[in-house]
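Trainee: Could you walk me through one helix in this model and what it packs against? I'd like a close look at that single part.

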Amino acid sequence: MRHIVMWSGGITSWATARIIVERHGPDAVTFLFADTNAEDEDLYRFNEEAAAKLGGQVVRVADPRERDPWDVFEDERYLGNTRLAPCSKLLKQAPARRWVADNTTPEDATLYIGIDWTETHRIPANRAGWAPWPVEYPLTEPPYRDKDFWIEEARRAGLEPTRMYDLGFSHANCGGACVRAGQGQWAHLLKVFPERYAYAEAREERLRQKLGKDVSILRDRRGGTLKPLTLKAFRERIEAQEADVDADDIGGCGCFTEAA
């Protein structure tokens, strides 16, 4: 029996992998890493060190053309956002699904995803999307732990988690520039990684010009009317020190929590 952990480089995928290695031994476990080509550099360091300590193997998969999310948006002529993000499907789910289908069968493999006890509502659609492969979610089982616990647990094991957590990000995906994120995270990205923000701002504007449409990642809710809010306009709002930036709107990655 093979045990395939969907590995993002984040702390919950590590926690899931550790549990499965403890249950089944390292030789039976594969850590399947779908690389978006937009990850923080420190995530690759974490991948190597975590795999070495756990004893398993990180297998990297990616888009056949090695695209990043912005390349996908241009090719698909659709700007990813909190509602729908084609990068999730084409850079995460599709490469992982191809590897699983090419290297395992539903009869000889179980998949594991780092959904925790706060996200159990996502399980039915996720399980249906990966059918006929069986999927399990070890972090939904007691005892119930949060990310802070697992970060400290990794450190107790002599492993330093990816720097994204210490830098104030809630997850480690796409270098903090996830299009599923909200105003709070994009404001934080501007502060911590202004060069990444500038890249996303330029690519968003390029795609807007290419499509000839008023589209954006973020949404402006002022006045009770939902309307587009470009990264350029959002940056200018922050630089003008306007008070109506929704710092609590964090959002977050959900690439492996949807149907594949």
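Mentor: Let's take helix α1, starting with how α1 passes α2: the crossing is right-handed. Keep in mind that this is a predicted model. The axes of α1 (residues 11-24) and α2 (residues 41-54) come within 11 Å and cross at roughly 15°. An angle under 35 degrees counts as roughly parallel, so that is what α1 is relative to α2. On the α1 side the contact is made by W14, A17, R18 and V21, and on the α2 side by F46, A50 and L54. Sorted by class, that gives 6 nonpolar residues, 1 charged and no polar ones.

Now look at α6 (residues 147-156), whose axis comes within 9 Å of that of α1 and crosses it at roughly 65°. This crossing is left-handed. Here I11, T12, W14, A15, R18 and I19 of α1 meet K147, W150, I151, E153 and A154 of α6. The class count for this contact is 7 nonpolar, 1 polar and 3 charged residues.

W14 is a handy residue to click on. Skipping neighbours within four places in sequence, W14 touches F46, A50 and L54, as well as W150, E153 and A154, plus W7 and L159. W14 also belongs to the largest nonpolar core, which has 50 residues, and is listed with W7, F31, W186 and I217 as having the most contacts inside it. Helix α1 supplies the largest share of this core, 7 residues. There's a second, separate core too, with 18 residues, including I4, M6, V100 and I123.

Notes
Residues numbered from 1 in each chain as written. Predicted model: local features only at pLDDT ≥ 70, side-chain atom pairs only at ≥ 80, totals over all residues. Heavy atoms only, no water. Core = buried A, V, L, I, M, F, W, Y, C linked by side-chain atoms within 4.5 Å. Buried < 20%, exposed > 50% of the residue type's maximum accessible area, 1.4 Å probe, protein only. Helix = DSSP H or I, 4+ residues; strand = E, 2+ residues; numbered from the N terminus. Contact = heavy atoms within 4.5 Å. Axes fitted to C-alpha atoms, helices over the stretch in contact; angles between N-to-C directions. Parallel < 35°, antiparallel > 145°, perpendicular 65-115°, else oblique. Left-handed = near helix turned anticlockwise from the far one by under 90°. Nonpolar A, V, L, I, M, F, W, Y, C, P; charged D, E, K, R; others polar.
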